[in-house]
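User: Could you take me through one part of this model in detail? I'd like to know how its parts meet, and then what lies inside.

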Amino acid sequence: MKLSNLFHPSSVAVIGASRKKGAVGREVLTNLIQSFDGEIFPVNPKADKIEGLKCYDRISKVPSYVDLAVVAVPAPIVPDVLQECSDAGTKDAIVVSGGFKEVGEEGAKLEEELATIARDNGLNVIGPNAIGVISTSSNLNASFAQEMALPGNISFMSQSGAFCTAVLDWANEVGMGFNHFVSLGNKAVLDEIDLIEEWDRDEGTEVILAYLEGIKRGSKFIERAKEVTKSTPIVVVKAGKTEEGASAAESHTGTITGSDDAYNAAFTQSGVIRAENIEELFDFGSILAHQSPPDTRKVGIITNAGGPGVMATDALDGYGLELAALQQSTLNKLEGVLSSLASRQNPIDLTGKADEKDYREALSYIIEDENVDSVLAMSAPAAIFSYPELTKVLADARQKTDKPIVGALMGGKLEPEAQDNLKNAGVPNYFDPARAVRALSALVKYGDIRRMDRSTPGHLTVQKEKAEEKLEELKETGNRVVGLEGLEVLDHYGIPTTPAKLARTPEEAADLAEDIGSLVVLKVDSSQIVHKSDAGGVKVGVEPADVAWEFQSMIDNLSDTQPGAEINGIRVQEMVEGEEVIVGSKRDPQFGQLIMFGLGGIYVEIMKDVSFRVAPVSTTQAREMVESINGYPILEGVRGKEGVDVDSLVNIVQRVSQFAVDHPEIGELDLNPVIASSKGAWVADVRFRFTQ
Ligand code: ADP
Ligand code: MG
């Protein structure tokens, strides 16, 4: 494996090993001595021996080959030290020293130097400014964290060092174990992409958890994570620290879209499960680490208390899971266990009289039921059984089935024996039934992710050169923002538009309307008027006979309200009936072109009923975008109203995606509205902004 020396070294050098207790270089050394079975070489030219180990002046003086170097020297000499490591044949290093990008410009320069040396020499470097790396499968604590992690099959990475130490402290307390535990530091060389790939290949890792503040290589992340999540679930909690682009948005897409939308889209597309908070991160991790996704969303619930059963049922609904309808044969079998007071439907309420034998029997029937694909076992504490007994029941049940079993054993802290029973059987337990359901929903979601469409979007036939020519022409006007005059560009990408021809006089407008021969829409053409209807520059539903008069009246009004605006004329467009939607794009600094779809028209910013994907989007993804907005039923047709041609919207979304990818100089694009009916969908208004 590419990073095997980082996680499974047979020898480690600590460069900058210090004699001073409490110094980072000393803490790392002590941790290594306490954990690691392989060779350890302290490097410090000023000491002969530290903690009984012989010290070396430099790494080149170490008599044998060193797999991994932990670098704890002051920042200014880190680049040289890395070069020495490389010259000595060491290819893997962890830089725990601080004083880089996090302290300002000077540090950023050093970090750049460090990265260049790593790149030129093919060095794998974690950090700088990292706490270090812990690998329980190699008994390696190459960090200055205060404790070693417990063994486990979860691998965790964190961009925040403080968060690393806090998590470790907590995990040791609750008995959560890790395979690898990495503080990423400033990610100058290795980042989350390298680690997810490594851990996907890693036998001991069942689930990858990450705390990230940002992802720099956005497209690469999607490309790689999409592969990894086929076999290894990834859960990410992402702190919202990304800087927004400073440019003022000119489009609805630009205004609505935040950088978090890009992250959400990227996570959806790559099958990464996003946790909203730390609790979710580890709740999801603890279930994904031990259980496999169920085949369906159907859940059987067993409880000894009605109220919490109802809570769990409500939670199922909230997280998109379903209460299984038990088979008649199961109900018959349950008759024997249930008291007269018990509920005979799912959730099965055994009542407070149930002892652990009743649980055992009822649980076995529920598990056997073909309509049940996962089980939530709940209980309130009762004198008739103990939690060590009940947890044994759950643990035994887990042995007999592949169906997920989650516990919501309520009450105070479980006895150590009860905790061990659950832990050894891989049954996660949550105090709150809603939390148990939420964790189960993450498992179900991972099942969906495994099955998700990962095909790469096919290339559509478009006239790219013609579009380029037109774009060049538009750029030459010097206008950064393009309006309806840009409609033709879309034609070259096979995007259906409603022509809007420019009239300079009332007579020209009347002639154009006559040619159209039905109701028309008049729209002002002026590069100073970006939002036409806001300025009184749009008139819908005009009879051809009234066009000349309406033309003049619009011009007169605008000369009052928009005195400075240079008006080229008025565009005449056919009035189209249908639902208004918006299709747009915005360039994101990390992920490239972000595509947006939503219910459109003038209220789009108020409704914000939109969905996002990172371009290029496949047909399946484009369809998901259309189907996932809240207003989708409106597009499907409600109350006797005919639905719209969804396929044509899917087609437009895909073509917009390709247009945006082919023309990265377009920073923002709005097709608003696209008017959709049962007959098709047409772009009635366009606006885009060049960034270069
Ligand atoms: P702007 O966005 O600059 O205000 P639009 O061209 O989008 O101007 O027009 C504003 C509104 O007018 C649209 O949201 C839509 O409701 C209506 N409209 C515009 N063009 C048409 C058309 N061809 N057919 C029907 N309604 C239209
Ligand atoms: Mg518009």
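**Where two domains meet**

Analyst: Happy to! Between domain 1 and domain 2, about 420 Å² of area is buried, with carbon and sulfur atoms giving 42% of that. Please keep in mind that this is a predicted model. To place the two partners, the chain is divided into domain 1 (4–239), domain 2 (298–451), domain 3 (456–498 + 576–692) and domain 4 (502–574). The C-alpha centres of domain 1 and domain 2 are 41 Å apart, and their contact takes seven residues from domain 1 and five residues from domain 2. What about the polar side of this interface? Three residue pairs are in polar contact between domain 1 and domain 2, both residues of each pair being at pLDDT 80 or more, while the count of salt bridges across the interface is zero.

Now let's turn to the interior. The largest nonpolar core has 57 residues, and Leu32, Ile94, Ile126, Met157, Val182 and Leu195 are those with the most contacts inside it. Helix α9 (residues 259–270) gives the most to this core, contributing five residues. Domain 1 (4–239) and domain 3 (456–498 + 576–692) each supply at least three residues to this core.

Leu32 deserves a closer look. Setting aside neighbours within four places in sequence, Leu32 is in contact with Val12, Val14, Ile40, Leu140, Asn141 and Ala142. Apart from the largest core lies another one, of 48 residues, which includes Phe163, Ala315, Val406 and Ala408. As general background, nonpolar side chains tend to be buried together in soluble globular proteins.

Definitions and conventions. Residues numbered from 1 in each chain as written. Chains lettered and ligands numbered in written order. Predicted model: local features only at pLDDT ≥ 70, side-chain atom pairs only at ≥ 80, totals over all residues. Heavy atoms only, no water. Core = buried A, V, L, I, M, F, W, Y, C linked by side-chain atoms within 4.5 Å. Buried < 20%, exposed > 50% of the residue type's maximum accessible area, 1.4 Å probe, protein only. Helix = DSSP H or I, 4+ residues; strand = E, 2+ residues; numbered from the N terminus. Domains from an automatic or database assignment. Contact = heavy atoms within 4.5 Å. Buried area = accessible area lost by both parts, 1.4 Å probe. Salt bridge = Lys/Arg side-chain N within 4 Å of Asp/Glu carboxyl O. Polar contact = N/O pair within 3.5 Å; in protein donor to acceptor, adjacent residues only side chain to side chain.
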